[in-house]
Amino acid sequence: MSSERRSRVFGVMGEFSTPEDLLAATKKTREAGYNHIEAYTPFPIEGLSEAVGFRGFRSNLVAFITLVGGIGGGLTGFGLQYWVAAITYPINIGGRPLNSWPAFIPVTFELTVLGASIFAVVSMLALNKLPQPYHPVFNVDRFSQASTDKFFLCIEARDPKFDLTVTAKFLQSLHATHVNEVKDEE
Amino acid sequence: MSVTQENLRVGHEPEPWLAPGHTYASVTDKIASAVLTRPLGIGWLAGFGLCFSIVMVLNLAVGWLFIKGVGIWGINIPVGWGFAIVNFVWWIGIGHAGTLISAILFLLNQQWRTSINRFAEAMTLFAVACAGLFPLIHTGRPWMAYYMFPYPSTMGIWPQFRSPLIWDVFAVSTYGTVSLIFWFVGLLPDLATLRDRAKNKWQQVIFGMLSMGWRGSARHWKRYQVAYLLLAGLATPLVLSVHTVVSFDFAVGIVPGWHTTIFPPYFVAGAIYSGFAMVLTLAIPMRAAYGMQDFITRRHLEQMAKVMLATGLIVAYGYFIEFFMAFYSGNKFDLFMTWQRLHGPYAPFYYALILCNILTPQLLWIKKVRQNIAALFVISLVINSGMWLERFVIVVISLTRDFMPSAWGRYSATVWDYATFVGTLGLFTMLMFLFVRGLPAIAISEMRELVHQESHGSEGHQ
């Protein structure tokens, strides 16, 4: 436990002024062979997640989990009512059927929606690894603009092609307005 | 099509949804500054103070109720429901506009929802909170309210799932929960914006915790958009189901005037109608007080007026069908109940309802009225009152005039009924006051998207 703070390089971050510049730069970065990249923007930009290499089933996992939550909620809702009304607490009302399923539809529907909604939100947060108070990108001073009007592209150090000087030069060649080193505290 | 032709005739483009000249930074500054830097004005303090004292009236009314029981209200046999249910249905209906704006208009890709969805959703939450209070305190023993949920009790009893009142418990609690998480998901990127722009340690810590470390990465946004779209898709049938289930509370019963199949659609339309009226009631003062005229333009107000007109006509159709079916069926109880609406002791309420809900909104056919902000404000208040009268007429006239004359009665509310109702109005308004200063009242990240879209050709959307 040394009191001295050591830091290592997390990556290099380029700043862009418009979403179009960022999108073009991201595409070029992928073409140049960098795979561990991430873009940060103040609002969602069409095509950007595909451009950083986030596509296919993985990118729609939230939808799949939501489906599971919805089906689970619906089965729970109907199962609960069937078990209560027909098995554990049967009440004979004029000889009417105990499994009066049409009367169970509203609650089944509500629990389907509830299950799906909760699974959608929780899976979105969990897959995004939120809550996560600390992340190396926050060490870049200018990054606070990422939630206002600036667009950032970060090439991460774990990429096999990463080299601090070369990668920084590369980002400059893509017309990034600022290029910063991203430090990570160990 | 007609819009295009009209524009061609007049020879100008429709007003944009956002005043020209705004950038990503300017919309962010403007909306965030209302939370972060704007000092507490005398207007806000006075308004908040007034509402806070009304909430104290609510506390008093509910406290006295807990001591004495529901006998302090005007309810009796046959009118066991009274104000509590009237207010419950009124409040829950108001909530519906928020979900309609945030979910249904989102699915329909209506850009004008962007600047009003956040505070309409907040309005939904607060309205649902006020609504939920009424059945709770109406149970007489609110500390036993958990009996309504299915849980393995030592008494071995379970709720009756064939009852619309139990459906209501599930519908309203699901609606409250889904509205809350939908609202929070929408807030997440904006909370991150506030964290990054925080002016002091407190703001930084609070918004830092609430924003959960959101950093707007492309992968975050992708999952966020999937989740948001799905939530919108889920909230759409949900909002339609909630007032449907509320209408089942009435329609499943055999009381004259309640037992009709028109109830679910006409309740849903009425809910949206009153909800949009409430959105206008809130939006008009708010945009003036916080200088949000660039974001909530006259065109937004006009659009909401059109939705009110359309849903108001559906409601009028519902009234007409109720009337028609009573005569067409020839059922003597329905006929008598209709006659009582027109000539009975509560007839003034019925005529006031027709005036507020059917006649007044016809003014909205006139473009000059739709563009007159003061007129819209007044009309929105009239419609809010009209929708409250509608629920009063439905509950009270039917219950006081059912099958046997020996079961007839009268109903009048006591001062505690009024204190509770006015108290929830205070609670609702107080929460809105807190909301506009504590959280961004307009979705900032969506406004930035709107800036992006407006700057890249606005082909095809009207």
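Mentor: A residue is called exposed if 12 or fewer other C-beta atoms lie within 10 Å of its own, buried if 20 or more do, and partly exposed in between. Keep that cut-off in mind; the model here is predicted.

Trainee: Is H175(A) buried or exposed?

Mentor: H175(A) has 12 other C-beta atoms within 10 Å, so it is exposed. The residue sits in the loop that runs between α5 (164-173) and β4 of chain A.

Trainee: What is the phi of H175(A)?

Mentor: Its phi is near 70 degrees, a positive value in a residue other than glycine.

Trainee: Which loop of chain B holds M212(B)?

Mentor: M212(B) belongs to the loop between α7 (201-211) and α8 (218-251) of chain B. Its phi is also positive, about 60 degrees, although M212(B) is not a glycine. With 19 other C-beta atoms within 10 Å, M212(B) is partly exposed, because the buried class begins at 20.

Trainee: Now the sheet. In what order do the strands of chain A lie?

Mentor: Read the order across the sheet, not along the chain. The 4 strands form an open sheet in the order β2-β3-β1-β4, with antiparallel pairing.

Trainee: Why is one side of β2 and of β4 left without a neighbour in the sheet?

Mentor: In chain A, β2 (37-40) and β4 (178-185) stand at the edges and each has a single partner strand, so one side of each has no neighbour in the sheet. As for the turn between neighbouring strands, it is 25 degrees on average, with direction ignored.

Trainee: How many bridges join β2(A) to β3 of chain A?

Mentor: There are 4 bridges between β2(A) and β3 (residues 151-156) of chain A, and the two strands run antiparallel. To fix the register, take one pair: A39(A) has L153(A) in β3(A) as its bridge partner.

Trainee: Which strands does helix α1 of chain A lie across?

Mentor: Helix α1 (residues 19-31) lies across β1 (7-16), β2 and β3 of chain A. Its direction is about 15 degrees from that of β3(A).

Trainee: Where are the cis peptide bonds?

Mentor: Look at omega. In chain A, L130(A) and P131(A) are joined by a cis peptide bond with omega of about 0 degrees. P131(A) lies in the loop between α4 (105-127) and β3 of chain A.

Trainee: And what is omega for the cis bond between I77(B) and P78(B)?

Mentor: Omega is about 20 degrees for that cis peptide bond. P78(B) is placed in the loop between α3 (42-68) and α4 (82-107) of chain B.

Notes:
Residues are numbered from 1 along each chain as its sequence is written. Chains are lettered from A and ligands numbered from 1 in the order in which they are written. This is a predicted model: local features need pLDDT of at least 70, side-chain atom pairs count only at pLDDT 80 or more; totals for chains, interfaces and linings use all residues. Two strands pair if DSSP finds at least two bridges between them. Axes are lines fitted to C-alpha atoms, for helices over the stretch in contact, and angles run from 0 to 180 degrees between N-to-C directions. Two residues are in contact if their C-beta atoms, placed from the backbone, lie within 7 Å.
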